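Me: I would like to learn how to read a protein model step by step. Could you walk me through one with some questions and answers?

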Amino acid sequence: VYGSFSEVETEEDALRCKVICLMKTDKCKEAYHVMSTDKLLKDIPMWFDRAYCLYRQGKLEDALAELNKAEPSSKVDELLAQIYYKLENYDSAVSIYKTLVKSLVDANTNERETNLAAALASSASFTNTPNKW
């Protein structure tokens with residue numbers, strides 16, 4: 001996001017840095033509060049960040065609503081799959097994870113494959129029918 005504090009030119013930039021620092025230190029409730037109440041940030045489309053903070057607080061339906069406003073990306077899809085999994089919408093989670101596993105190879109590939117396997121297992125256990133990769 002920002003390489004150094006010297007790149008922070010405006011109060012809005014400083015507030016975005018504050019939000020990122022709060023999120024990185026697992027203070028998502030505080031980060032969400034800043035994004036939602038500060039006059040400089042509350043109208044800025046930080047949909048993914050808001051959704052992630054809500055997800056970390058267990059407010060899954062609210063996180064889903066925020067995430068649906070975000071620009072499509074693999075990062076958005078990853079969080080969407082996690083939300084669907086927690087909401088026990090395993091088929092949707094499986095569908096997204098399959099797409100991500102096929103299209104992305106990075107440092108998170110193993111975790112993504114594990115999440116896909118968990119979603120497949122959960123889906124199969126709830127429907128009593130085996131899923132195919």
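Reply: Happy to help; what follows is a set of short questions about this predicted model, each with a reasoned answer.

Me: What pattern does the protein chain follow when read along the sequence?

Reply: Start by counting the elements: the protein chain has seven helices and zero strands. Writing one symbol for each element along the sequence gives α-α-α-α-α-α-α.

Me: What percentage of the residues in the protein chain count as buried?

Reply: A residue counts as buried when its relative accessible area is under 20%. Applied to the 133 residues of the protein chain, that cut-off gives a buried share of 36%.

Me: Are helices H3 and H4 roughly parallel or antiparallel to each other?

Reply: Helix H3 covers residues 47–56 and helix H4 covers residues 60–67, and their axes come within 8 Å and cross at roughly 170°. Angles over 145 degrees count as roughly antiparallel. The pair H3 and H4 is therefore roughly antiparallel.

Me: How many residues of the contact of H3 with H4 are charged?

Reply: On the H3 side the contact is made by Trp47, Phe48, Arg50, Ala51, Leu54 and Tyr55, and on the H4 side by Leu60, Asp62, Ala63, Glu66 and Leu67. Sorting these residues by type gives eight nonpolar and no polar ones, and the number of charged ones is three.

Me: Is Glu66 buried or exposed?

Reply: Glu66 lies in helix H4. Leaving out residues up to four places away in sequence, Glu66 touches Tyr32, Trp47, Arg50, Ala51 and Leu54. Its relative accessibility is 12%, so Glu66 counts as buried.

Me: Within what arc do the buried residues of H2 fall, seen down the axis of the helix?

Reply: Helix H2 spans residues 28–37, and its buried residues are Cys28, Ala31, Val34 and Met35. An α-helix has 3.6 residues a turn, so residues three or four places apart point the same way. The buried residues of H2 line one face of the helix, because they fall within an arc of 125°.

Me: Which helices do the buried residues of H2 pack against?

Reply: Val34, in helix H2, is a good residue to begin with. Setting aside neighbours within four places in sequence, Val34 is in contact with Leu15, Lys18, Val19, Leu22 and Leu41. Taken together, the buried residues of H2 pack against helix H1 (11–24) and H3.

Me: How far apart are the C-alpha atoms of Val34 and Val19?

Reply: Val34 counts as buried, because its relative accessibility is 12%. Along the chain, Val34 and Val19 are 15 residues apart, while their C-alpha atoms are separated by 6.9 Å.

Me: What is the separation of the C-alpha atoms of Ile20 and Ala31?

Reply: Ile20 lies in helix H1, and at 25% relative accessibility it counts as partly exposed. Ile20 and Ala31 are eleven residues apart along the chain, and their C-alpha atoms are separated by 7.6 Å.

Me: Which helix supplies the largest share of the largest nonpolar core?

Reply: In soluble globular proteins, nonpolar side chains tend to be buried together. Here the largest nonpolar core has 24 residues, of which Leu67, Leu79, Ile83 and Tyr97 touch the most other members. H3, H4, helix H5 (74–86), helix H6 (90–103) and helix H7 (109–127) each supply at least two residues of this core. The largest share is six residues, and it comes from H5.

Me: How many residues are in the other core?

Reply: This other core lies apart from the largest one. Its members include Leu22, Ala31, Leu41 and Met46, and its residues number twelve.

Me: Is Lys102 buried or exposed?

Reply: Lys102 is found in helix H6. Its C-alpha atom is 9.9 Å from that of Glu113, a residue eleven places away in sequence. With a relative accessibility of 69%, Lys102 counts as exposed.

Me: What is the phi of Glu88?

Reply: Glu88 is found in the loop between H5 and H6, and with a relative accessible area of 52% it is exposed. Although Glu88 is not a glycine, its phi is positive, at about 65°.

Me: Where does Asp26 lie?

Reply: Asp26 is a residue other than glycine with a positive phi, near 60°. At 49% relative accessibility, Asp26 counts as partly exposed. Its place in the chain is the loop between H1 and H2.

Notes: Residues numbered from 1 in each chain as written. Predicted model: local features only at pLDDT ≥ 70, side-chain atom pairs only at ≥ 80, totals over all residues. Heavy atoms only, no water. Axes fitted to C-alpha atoms, helices over the stretch in contact; angles between N-to-C directions. Helix = DSSP H or I, 4+ residues; strand = E, 2+ residues; numbered from the N terminus. Parallel < 35°, antiparallel > 145°, perpendicular 65-115°, else oblique. Contact = heavy atoms within 4.5 Å. Nonpolar A, V, L, I, M, F, W, Y, C, P; charged D, E, K, R; others polar. Buried < 20%, exposed > 50% of the residue type's maximum accessible area, 1.4 Å probe, protein only. Arc of directions from axis to C-beta. Core = buried A, V, L, I, M, F, W, Y, C linked by side-chain atoms within 4.5 Å.
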